[in-house]
Amino acid sequence: MEFLKVLVVDDSLITVKKLTSMLSLLGHDVVSTAATGQEALTAYEACKPDLVTMDITMPDMDGIQATRLIRERFPDALIVMVTSHGQEKMVLDALQAGAKGYVLKPFRQEKLAEVIQVARKRNAQ
């Protein structure tokens, strides 16, 4: 898998640390993190990552709205949603907003790698 610069967006510090660790083990570089949708927009503009992992439920602006806004400004943005069980409707909304895939919490490194690979193929189409 090719090295990617990643922006991790989640309001849970535990999830941010877990994702950062897994992504590093997969050979990627977490270049920035954000805890809210608004912070995600600012961070995306500042670091122009290759990939965003986006939580759905966050304070101030949810991940669906943040995804929509990022994709409006940066149509090639590659965004993968990180979600909990029971949020299927929100996942569909996120995919309609421009996300290219999703991974369910709790996630394993192998599943994260698979979702990133599939999302990259979808984004290239």
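Start with Met54. Its bridge partner in S4 is Met81. That pair belongs to a join between S3 and S4, two strands that run parallel, with four bridges between them. Please keep in mind that this is a predicted model.

Stay with S4, residues 79-83. On to its pairing with S5. Those two are also parallel, again over four bridges. Here Val82 stands opposite Val103 in S5.

Now, is S4 mostly covered or mostly open? Mostly covered: five of its five residues are buried. Side chains in a regular strand alternate between the two faces of the sheet. In S4, Ile79, Met81 and Thr83 point one way. Val80 and Val82 point the other way. Both groups are buried.

Let's step back to the whole sheet. Five strands, open, in the order S2-S1-S3-S4-S5. The pairing is parallel. Strand S2, residues 29-34, and strand S5, residues 101-104, are the edges, and each pairs on one side only. From one strand to the next, the twist averages 20 degrees. Helix H3, residues 63-73, packs on this sheet. H3 touches S4 and strand S3, residues 51-55. The direction of H3 makes about 175 degrees with that of S4.

Over to the other side of the strand order, with S1 and S2. They pair in the parallel sense over five bridges. One example: Val6 has Val30 as its bridge partner in S2. S1 is largely enclosed by the rest of the structure, because four of its five residues are buried.

How does the chain string this together? Five helices and five strands make up its secondary structure. Along the sequence the pattern reads β-α-β-α-β-α-β-α-β-α.

Next, the cores. The largest nonpolar core has 23 residues. Which members touch the most others? Val9, Val52, Met54, Ile70, Ile79 and Met81. So we meet Met54 and Met81 again, both in that group. S1, H2, S3, H3, S4 and helix H4, residues 88-97, each give two or more residues to this core. Take Ile79 as a close-up. Leaving out residues up to four places away in sequence, Ile79 touches Val52, Met54, Thr67, Ile70, Arg71, Ala99, Lys100 and Gly101.

There is another core, apart from that one, with 20 residues. Val8, Leu26, Val30 and Leu78 are among them.

Helix H2 next, residues 37-47. Its buried residues are Gly37, Ala40, Leu41, Ala43, Tyr44 and Cys47. What covers them? The cover includes strand S1, residues 5-9, along with S2, S3 and H3.

Right after H2 comes Lys48. Lys48 sits in the loop between H2 and S3. Its phi is positive, about 40 degrees, although Lys48 is not a glycine. Lys48 is partly exposed, with a relative accessible area of 44%.

Pro49 is in that loop between H2 and S3 too. Buried or exposed? Pro49 counts as buried, at 6% relative accessibility. Setting aside neighbours within four places in sequence, Pro49 contacts Lys5, Val6, Leu7, Val31 and Tyr44. Its C-alpha atom is 9.9 Å from that of Ile79, a residue 30 places away along the chain.

Two more loop points. Asp60 lies in the loop between S3 and H3. Asp60 also has a positive phi, about 70 degrees, and is not a glycine. At 56% relative accessibility, Asp60 counts as exposed. Then Pro106, in the loop between S5 and helix H5, residues 109-124. The peptide bond from Lys105 to Pro106 is cis, with omega near -10 degrees.

Last, the chain overall. It has 125 residues, and 49% of them count as buried. A compact globule with 125 residues would have a radius of gyration near 14 Å; this chain has 13 Å, which agrees. The C-alpha trace spans about 30 × 30 × 30 Å along its principal axes. Accessible surface comes to about 6300 Å², and 52% of that belongs to carbon and sulfur atoms. As for contacts with a separation of 6 or more, 64% come from residues 24 or more positions apart.

How values were computed: Residues numbered from 1 in each chain as written. Predicted model: local features only at pLDDT ≥ 70, side-chain atom pairs only at ≥ 80, totals over all residues. Heavy atoms only, no water. Pairing = 2+ DSSP bridges. Axes fitted to C-alpha atoms, helices over the stretch in contact; angles between N-to-C directions. Contact = heavy atoms within 4.5 Å. Rg over C-alpha atoms; globule rule 2.2 N^0.38 Å. Buried < 20%, exposed > 50% of the residue type's maximum accessible area, 1.4 Å probe, protein only. Areas by Shrake-Rupley, 256 points an atom, 1.4 Å probe, with all protein chains shown as cover. Core = buried A, V, L, I, M, F, W, Y, C linked by side-chain atoms within 4.5 Å.
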